[in-house]
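Subject: Structure for your review

Dear colleague,

Please find below the structure that I am handing over to you. My findings follow it, arranged by topic.

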Amino acid sequence: MASPNPSRDARPAIPKLEPRRRRPAPANQTPVPQTPALPSPPDTSSWTFQVPTRRILSPNDHKLFLSSPTYILIQAWIFGLSEAVVDTPCSAVNDDDLSTLVKAILKILDGAEELVKKCPPDDQGGSRFGNKAFCRFLDLLRENSPGWHRSLGLDNEAAISEAAAYLDQSFGNRSRIDYGSGHELNFLMWLLCLYQLGLVRSTDFKPIVLRVFNRYLNLMRTIQMAYYLEPAGSHGVWGLDDYQFLPFLFGAAQLLHHPYITPRSIHQDLTIEEFGRDYLYLGQINFVNSTKTVKGLRWHSPMLDDISSAKSWTKIDGGMRRMFVAEVLGKLPVMQHFIFGSLVPAADGMSEDDASAEDEETEDGTKASGDHSGHSHDPVGWGDCCGIKVPSSIAAAQELKKGGKGDALRRIPFD
């Protein structure tokens, strides 16, 4: 018998509805770097100290470093400090909690800030590049450095010379008048030297981050504002930050299990204002916002903006660890300026360099043989260590204020 409605029978059958299967989230192939065990300080009673020099002069040198005990030592030190401040605000460390050594270190940083006052910046004439008065500041810093180290209890001149090299390299580069995460790392290596010399103890780890490193950050902001230090690289807004990295690593650990400050809280002005002094992450966000000429992280710091979408601080903490290993220790343009001595030793087989500072400089602070002397670059990219000069974003904001435009920020960067 023929179907009463042949046109309906000709239509294709409707497939059976099945629940949509969710695709699994892509697994991160790079595991979160764990914290290696930090070795006990060596016996330096009969130690042969040496003035640190650059030893990563080629990709092969960098490869040797990445498989060396020093590579593990640096991770143990940085990640160990980070673990010491998990869920701990800066205000949790009182003056009564500070050891004599930590108080002496803080006095050194106070002394360095006094040197800034003695070396006021030259008239910029509207320039947004580095101020040459920075060189005078570094000269005074190096003159005072030996005495500062003696105030820590060091009496071995060779040990003082080795440790002082890291402190001297912690505030920026003299010839380029710039500053970046490599200089920041030198400050932590200075503290590692003090640990290796038996001065810093494990009980100092929390104050080292929340008081000493915090004080260093504020000092560097003063220096950057005074001398318009250029960022040491040409990544610009596509990097995590123009100058610092460790406030985000240590800061994520501080906020790891916070009950109500979430990663998205960095977009809330009231949260930043109320908690910026207690948490390094929020404090650095506040500083970054205050030194830009456009309003909004999405415009001037898109990577920080993207990171804020993470579901938890645990995700951010793991990401910062990966980034430290990959983007700081793992980058030749950063690590080729790193200096090695006896307390932070180079690996066997690494190249020798005669220069004891970050760059080969003449007595007047100029480069001995050009910006690219004594080191190499990654085969891909712009040679971020000493290639394109990048004007300071801090300088742009400060010059805008000097021009009578106050603190007003442009809402988009295209007007």
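How many residues does helix α6 have, and how far does it reach from its first C-alpha to its last? The model is a predicted one, and in it α6 covers residues 157–168, which gives 12 residues. The helix reaches 16 Å between its first and last C-alpha atoms, close to the 16 Å expected at 1.5 Å a residue.

Helix α6 and its surroundings

Most of α6 is covered, with 9 of its 12 residues buried. These buried residues are Ala159, Ile160, Glu162, Ala163, Ala164, Ala165, Tyr166, Leu167 and Asp168. Among the elements that cover them are α4 (100–118), α5 (133–151), α7 (181–196) and β4 (339–340). At the N-terminal end of α6, Asn156 acts as a cap: one of its side-chain oxygens lies 2.9 Å from the backbone nitrogen of Ala158.

Helix α5

Helix α5 has 19 residues and reaches 27 Å from its first C-alpha to its last, close to the 27 Å expected at 1.5 Å a residue. There is a bend of about 40 degrees at Ser145, and the proline Pro146 follows within four residues. Ser145 is itself buried, and the other buried residues of α5 are Ala133, Phe134, Cys135, Phe137, Leu138, Leu141, Trp148 and His149. The cover over the buried residues of α5 includes α4, α6, α7 and α8. After α5 comes Gly153, which has a positive phi near 105 degrees.

The nonpolar core

The largest nonpolar core holds 109 residues. Within this core, the residues with the most contacts are Trp77, Ile78, Phe137, Leu188, Trp190, Tyr281 and Phe324. Helix α8 (residues 205–227) gives the largest share of the core, 13 residues. Tyr281 can be described further: with neighbours within four places in sequence left aside, it is in contact with Pro247, Phe248, Gly251, Ala252, Leu255, Ile266, Leu304, Ile307, Trp313, Ile316 and Met320.

Two residues of helix α11

Are Leu280 and Gln284 buried or exposed? Gln284 has its place in helix α11 (residues 280–290), and Leu280 lies in α11 as well. Gln284 counts as buried because its relative accessibility is 2%. Leu280 is buried too, with a relative accessible area of 4%.

Not counting residues up to four places away in sequence, Gln284 touches Leu217, Arg221, Asp241, Gln244, Pro247 and Phe248. With the same exclusion, Leu280 touches Cys90, Val209, Phe213, Asn214, Leu217, Pro247, Phe250, Gly251 and Gln254. Leu217 and Pro247 thus appear in both sets of contacts. The C-alpha atoms of Leu280 and Phe250 are separated by 7.0 Å, although the two residues are 30 residues apart along the chain.

The protein as a whole

The secondary structure amounts to 16 helices and 4 strands. The protein has 415 residues, of which 51% count as buried. Of the contacts with a separation of 6 or more, 80% come from residues 24 or more positions apart. The protein exposes about 20,600 Å², and carbon and sulfur atoms supply 52% of that area.

With kind regards

Note on methods. Residues numbered from 1 in each chain as written. Predicted model: local features only at pLDDT ≥ 70, side-chain atom pairs only at ≥ 80, totals over all residues. Heavy atoms only, no water. Helix = DSSP H or I, 4+ residues; strand = E, 2+ residues; numbered from the N terminus. Buried < 20%, exposed > 50% of the residue type's maximum accessible area, 1.4 Å probe, protein only. Contact = heavy atoms within 4.5 Å. Areas by Shrake-Rupley, 256 points an atom, 1.4 Å probe, with all protein chains shown as cover. Expected span 1.5 Å × (residues − 1). Polar contact = N/O pair within 3.5 Å; in protein donor to acceptor, adjacent residues only side chain to side chain. Core = buried A, V, L, I, M, F, W, Y, C linked by side-chain atoms within 4.5 Å. Bend = angle between axes of the 7 residues up to and from the residue.
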